[in-house]
Amino acid sequence: MLSNPIEYLKGVGPQRGELLRKEINIHTFKDLLEYFPFRYVDKTRIDKISDISGYEDFVQIRGRIIRMEVMGENRGKRLVATFKDETGIIELVWFQGWQWMQKSLRENVAYLVYGRVSAFNGNIQIAHPELDLLTEEIATGKQFLEPVYYTTEKLKARGLTAKAIGKLTKNLLEQLSPQEIRENIPQEILHQYRLMPRSLAYFKIHMPGGEEEAKQAQRRLKFEELFIAQIRICRLKIKRQKLSHGYVFGAVGEHFNDFYNNHLPFSLTGAQKRVLKEIRQDTMHGRQMNRLLQGDVGSGKTMVALLTALLAIDNGFQACLMAPTEILSQQHFKGLSELLENMPVRVALLTGSIKGKARKQILADVKEGNIHLLVGTHALLEKEVDFKNLGMAIIDEQHRFGVAQRARLWEKNSIPPHVLVMTATPIPRTLAMTIYGDLDVSVIDEMPPGRKPITTVHKTEFQRPQVMDFIKEEVKKGRQAYIVYPLIEDSEKMDYENLMKGYEEVKAFFPEPQYYISMVHGRQPADMRETNMQRFVSGDTNIMVATTVIEVGVNVPNASVMVIESTERFGLSQLHQLRGRVGRGAEQSFCVLMTGNKVSKDSKERINVMVQTNNGFIISEKDMELRGPGDIEGTRQSGILDFKLADILADKPILDAARNSAEKLLQQDMDLQLPENQGLREFLASQRSKTVWSKIS
């Protein structure tokens with residue numbers, strides 16, 4: 001029955017069904033059952049008029065209208081009704097639709113009245129109250145809290161108000177037998193955490209007898225969401241640990257030691273050493289490594305990647321490093337080649353633009369095993385790229401690659417190579433354990449010595465001339481600057497117009513030939529974009545005007561100023577990523593957050609966080625608080641965070657309990673064969689279509 005299309009529910013029909021689908025994604029009875037109220041109205045008790053002081057928020061009273069009159073002139077006309085119960089009288093007032101109310105209300109008939117209390121000229125009154133004719137059923141108030149559901153303007157126009165949605169849900173619950181909502185959490189866990197049965201929770205979340213019942217129903221359903229997500233993730237992890245074979249890197253050999261002792265440009269931070277130790281442990285035991293390495297922009301992830309590659313090379317394997325863009329691959333290649341120039345390690349670059357003879361030669365060398373470390377874009381995934389013995393695959397900026405693409409790396413050897421996934425998007429620990437629970441997470445949480453923190457300031461339109469003068473000062477010192485414009489899909493056309501307008505403005509402030517400007521945006525042909533980027537990277541241009549295409553990984557140590565236009569339109573994590581494009585050299589760098597003269601409260605809060613801290617992890621925690629976990633980059637596609645009720649931050653105690661229960665249960669019964677886990681097994685089988693791809697992160 002729960003799979004029935006929504007139009008078959010009494011009171012819906014084809015037209016309303018279509019609207020419910022389009023507006024709030026309700027396709028079936030099950031979707032409506034899982035469309036939970038966001039708050040409740042308490043109409044379970046009846047107040048006496050004599051007890052109303054005027055300080056209450058909402059009241060519900062029972063009585064009769066003894067008098068009605070229209071007061072005021074012209075547009076100030078209103079209907080005032082005197083309402084009486086056995087203890088006193090109060091005024092009910094209508095400013096809008098009063099003519100209709102005057103026709104439909106009757107004097108000396110018993111009503112139940114609900115509304116917000118206000119004071120006017122010293123009198124207590126209720127404006128635009130809800131009125132129900134008094135029936136036996138509601139004579140002592142409603143039997144349950146009244147649920148309030150989100151609705152939209154289009155739905156309201158078709159009569160689907162919050163109240164109407166509540167009525168439909170009540171219809172549905174009256175038709176459903178508890179057997180249709182089958183239990184999916186083992187009894188022992190229900191008992192341990194005092195959770196109500198699943199069928200009862202669905203009834204009580206929509207029609208709770210009181211606040212405590214509503215809380216318990218929510219708690220049960222939140223636990224279920226988090227528990228099911230953790231069961232899926234933990235199963236992946238256990239399967240991987242039990243079943244996945246990996247190459248054994250038995251030795252730390254001469255290349256690693258030679259580089260570490262003689263060619264390391266600076267000593268490693270404690271955090272880098274700790275991560276290398278974790279990688280070393282992972283690769284010793286014959287299981288495939290799947291590790292996520294998080295580190296803020298500039299924390300030294302590339303050095304860890306290089307030493308990891310050398311570890312593979314010392315054990316007779318090849319390594320590859322895959323980056324999302326051509327320019328990023330070139331930078332990795334250049335940086336790694338310089339670091340390894342005095343060592344017998346061959347590094348090569350493979351991207352889409354390397355063609356003909358050169359490409360053939362690289363492919364042959366990779367197949368022969370003459371190339372030890374291959375750097376490139378997703379060109380590395382192509383069938384023709386055939387490694388002799390790939391043992392370590394390193395992926396930079398993981399969220400830029402589709403999961404199916406990454407899976408192709410696993411097929412590059414008879415046993416899947418070890419995988420190290422790197423990201424500069426810091427993800428709060430609670431979230432990392434939830435999304436990447438099947439990956440082992442490492443964090444580089446300290447900066448290499450000698451890096452100066454970036455000075456961040458907030459400026460408004462009024463101060464634009466000073467900002468431009470400041471850029472001129474920096475360019476005089478031989479430095480370069482970025483000016484970045486937002487590009488949001490919904491308003492793309494307007495954003496391009498703003499970018500072009502901005503470019504003209506910048507040209508007016510920085511005339512040629514004293515200054516040269518590169519412009520980079522997504523609508524340019526790829527080769528033109530590459531050329532413009534390269535001109536900036538090589539220092540031919542002083543200023544880069546760009547949309548957010550420069551967000552990931554462009555490394556220009558000489559750039560010392562980042563101006564972000566319309567800062568209020570960016571999320572915190574994105575602002576932090578953009579800021580990380582400067583501060584890569586030894587000089588002091590600056591980030592200027594430009595906004596209009598008026599800024600909303602939310603934007604102000606984001607800007608304050610940016611001005612106060614450079615720590616990506618603090619920023620990501622704050623970002624998650626402000627935006628909610630589902631918006632964090634790369635998590636939407638995983639489908640894990642589409643929780644209807646649970647909130648990873650606010651419900652951390654429930655999350656911890658769910659994770660512990662899931663781990664304990666799976667240690668005893670990995671394949672869910674025990675009779676007490678049958679309900680859980682059947683539920684997961686029914687959800688099969690929702691495959692969780694993060695397994696291949």
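In the predicted model, helices H19 and H20 cross in a right-handed manner. Two packed helices are described by the angle between their axes and the distance between the axes. For helix H19 (residues 572-579) and helix H20 (residues 601-612), the axes come within 10 Å and the crossing angle is roughly 35°. Helix H19 contributes Leu572, Leu575, His576 and Arg579 to the contact, while helix H20 contributes Arg606, Val609 and Met610. By character, the residues of this contact comprise four nonpolar, one polar and two charged.

A further helix, H7, spans residues 198-206, and its buried residues are Arg198, Ser199, Ala201, Tyr202, Ile205 and His206. Viewed down the axis of H7, these buried residues fall within an arc of 165°, and they therefore line one face of the helix. An α-helix has 3.6 residues a turn, so residues three or four places apart point the same way. The partners against which the buried residues of H7 pack include both helices and strands. The helices are H2 (29-33), H5 (162-175), H8 (211-243) and H23 (678-686). The strands are S1 (39-41) and S8 (146-148).

Burial is also found in a loop. Thr541 is placed between helix H18 (526-537) and strand S19 (543-546). This residue has a relative accessibility of 0% and therefore counts as buried, the cut-off being under 20%. When residues up to four places away in sequence are not counted, Thr541 touches Gln480, Tyr516, Ile517, Ser518, Arg535 and Phe536. With Ser518, the side chain of Thr541 forms a polar contact of 2.9 Å. Ile89, in turn, is separated from Thr541 by 452 residues in sequence and by 79 Å in space, C-alpha to C-alpha.

Several loop residues are notable for their backbone geometry. The peptide bond that joins Glu512 and Pro513 is cis, with omega about 0°. Pro513 lies in the loop between helix H17 (492-509) and strand S18 (517-520). Asn74, although not a glycine, has a positive phi of about 45°. The loop that holds Asn74 runs between strand S2 (58-71) and strand S3 (78-85). Asn74 has a relative accessibility of 66% and therefore counts as exposed, for which the cut-off is over 50%. A positive phi is also present at Asn108, where the value is near 60° in a residue other than glycine. Asn108 belongs to the loop between helix H3 (98-104) and strand S5 (110-120).

Definitions and conventions. Residues are numbered from 1 along each chain as its sequence is written. This is a predicted model: local features need pLDDT of at least 70, side-chain atom pairs count only at pLDDT 80 or more; totals for chains, interfaces and linings use all residues. Side-chain values use heavy atoms; hydrogens and water are left out. Buried means under 20% relative accessible area, exposed over 50%, partly exposed in between (1.4 Å probe, protein chains only). Helices (H or I, at least four residues) and strands (E, at least two) are DSSP runs, numbered from the N terminus. The arc is that of the directions from the helix axis to the C-beta atoms. Contact means heavy atoms within 4.5 Å. A polar contact is a pair of N or O atoms within 3.5 Å; within protein, one must be able to donate a hydrogen and the other to accept it, and residues adjacent in sequence count only if both atoms are side-chain atoms. Axes are lines fitted to C-alpha atoms, for helices over the stretch in contact, and angles run from 0 to 180 degrees between N-to-C directions. A crossing is left-handed if the near helix is turned anticlockwise from the far one by less than a right angle, and right-handed if clockwise. Ala, Val, Leu, Ile, Met, Phe, Trp, Tyr, Cys and Pro count as nonpolar, Asp, Glu, Lys and Arg as charged, and the others, Gly among them, as polar.
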